[in-house]
Amino acid sequence: MSVLCPRKFWVGLLLGSAAFFSSVAPVLAAEPVLQTEQSDVVTLKPYSPHTVLVEDAVYTHNKDGRVNVVDADKGVLLGMVQAAYNPNVVLAPDASRFYVGETTWERGNRGARNDLLAEYDALTLKLMVDEKLPSRALVTPKRNNLAISADGARVYVYQMSPANAVEVVDTKDHKVTHTVEVPGCALAYAWGNAGFSSLCGDGSLSNVSLEADGKASVTHTAPFFEPDKDGIFEQSPSVAKDGSTYFISYSGKVYPTILSANSTVQPAWSLQVGAGLKPASDASAPFEVTWRPGGWQMSALHKATHELYVLMHRGTFWTHKDAGTEVWVYNTETHQRIRRMPLKVASTMVGITQDEAPLMFTTDEEGNFFISDARTGKLLRTMKVLGTSLIFTVAPGEG
Amino acid sequence: MLPSEHTKKTEQGASLFDRLTETALRRFAGRTSRRGVVARLGGLAAAVPLFPLLPVSRASAATPAASAGKGVAKAATPFGAKAQAKDPNACDYWRYCAIDGNLCTSCGGGVHSCPPGTAPSPTSWIGSCYNPQDGNSYMIAYRDCCGQDSCNEVTCLGTDGDQPSYRPMANNDIIWCFGTGTSEMYNCSTAAVIGKAS
């Protein structure tokens, strides 16, 4: 560049530029002229069976949890909402709304505590109602700390403060209509439109029928398992519509149960026997190494085909939180294993969609989200580092 | 938390805990004479110098080989069979058989001490862990340290005897920060010996 003759330089530059643009002008002419744009916000399409909610508890900084909305056909993130401090989420039966149970403190890690049930429009992800709750249990989130009735009219919030209770929220009036004490029991497995059951420390079930005017009646089943010897996984899958539930024990016993005001528990069958193995030992012989169920969200149910998906690993008793290296699929009517699908990466979570071509979801310690064909176990796509601590999925039509 | 907020918080959030504590203390007071308390305190004062003689203190002097030669009890659980008694910053340290979370030893605290800036939970979950050094099993109280977010230096998951939350005293998923005077935000977990397991 000629510093001493700036005028000559600029003339040269202009002429050169004109020559350049005249030579490329025909190419540029084919491009449309960009229009001015308005900033706007995306609205999601109605959920397909493969639009799923993925809860990320973000264990390393719990107050920053979130619920992701994922298109599992494409493996893309459609949106997310904040879900603070050991949060939980349930989806309305028509997938039009979802509810996030969460806890915040007004000044971050201090100040007044707020336990909240946030209602989101599932398509706009706009906060519709931000309801304050009396309390909620602060516990590493399990699906059944929060539940929704079959018709979506009630949300059940498990509370431990430290006494055990379940708050019933009317989703139309946005009010807590009942706070039902469930002493010695925990969690809420919804059945029908106006009832839930809780698992109890004596190995029984507490069944709560909701009545008008804030009343509730409670019944108990006889104890059917021994928590000391062979506890039942809190993440056992259940269906609100008909109350069908498969309570799975640490050792691998499956107790088919119909939840109701008078829940009925059928005799247990064994995951191991259904796979041609001998039954696994319980806590009385903890060193026996065999295939056992385990993980966090360690089971899922495909309702239409009566298929029970269970994460399995080889280990001793007391390895009930170990990641599953394989997914074993059982027919809940024959009690036989019908598929065995090794995972490329061990997972603490398994989720299933409810359609005829179901997808299966697993994760790993890095927060990758693996999407597989549930009928073959073939990995279809991976969403790399979708989150930090992916702990369960919620798909339309589960309840 | 400001003192004014503390008062408000205590009234709202921890009222049940306060009531339970008050009820327990009143029952205790109702059943106990003043002389009895003095006698017990005196007994405690006399017993304190004897604490160093308990097995827990001698553990550091013993060696696994020496213990093995004396035919001590075997570990009753898979974790205990592989546990070590030297490094409290490692997940296989014997006391951590039922711990779930961040080790306070790696967060500025100790095996039974909370890091500065946090407060210990008055309640805890309980485990029974095998000490390979002396061949005894001990009851361990796992107390959470609360008020700051997760520390994350060394995170462990011990599941010996871990039961679901419908057995809360044996469940390691619950945030045990009830009634700490701080927020119930979880920072790390400690593992204090509270007695010998039978």
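UniProt positions are given here in the numbering used for this structure, with feature names shortened, and such annotations may be inferred rather than shown by experiment. The model is a predicted one, in which local features need pLDDT of at least 70 and side-chain atom pairs count only at pLDDT 80 or more, while totals for chains, interfaces and linings use all residues. Residues are numbered from 1 along each chain as its sequence is written, and chains are lettered from A in the order in which they are written.

**Exercise 1.** Find which residues of chain B the UniProt domain annotation covers, and describe the secondary structure of that span.

*Solution.* Begin with the record: the unreviewed UniProt entry places "domain: Methylamine/Aralkylamine dehydrogenase light chain C-terminal" on residues 84-196 of chain B. Next, take helices (H or I, at least four residues) and strands (E, at least two) as DSSP runs, numbered from the N terminus. By this reading the span is 0% helix and 33% strand, and its end C-alpha atoms lie 18 Å apart. Finally, turn to the whole of chain B, which has six helices and six strands, arranged from the N terminus on as α-α-α-α-α-α-β-β-β-β-β-β.

**Exercise 2.** Determine how many residues of chain A and of chain B are in contact, and what the side of chain A consists of by class.

*Solution.* Two residues are in contact if their C-beta atoms, placed from the backbone, lie within 7 Å. Counted in this way, 36 residues of chain A are in contact with 32 residues of chain B. On the side of chain A that touches chain B, the largest share, three residues, comes from strand 12 of chain A. For the classes, Ala, Val, Leu, Ile, Met, Phe, Trp, Tyr, Cys and Pro count as nonpolar, Asp, Glu, Lys and Arg as charged, and the others, Gly among them, as polar. That side of chain A then has 18 nonpolar, 13 polar and five charged residues.

**Exercise 3.** Work out which strands stand at the edges of the open sheet of four strands in chain A, and why one side of each is left without a neighbour.

*Solution.* Two strands pair if DSSP finds at least two bridges between them. The order of the sheet is 3-2-1-29, with antiparallel pairing. Strand 3 (76-82) and strand 29 (390-394) of chain A are at the edges, and because each has a single partner strand, one side of each has no neighbour in the sheet. Strand 29 of chain A is joined by four bridges to strand 1 (residues 51-56) of chain A, and within strand 29 of chain A, Val394(A) stands opposite Leu53(A).
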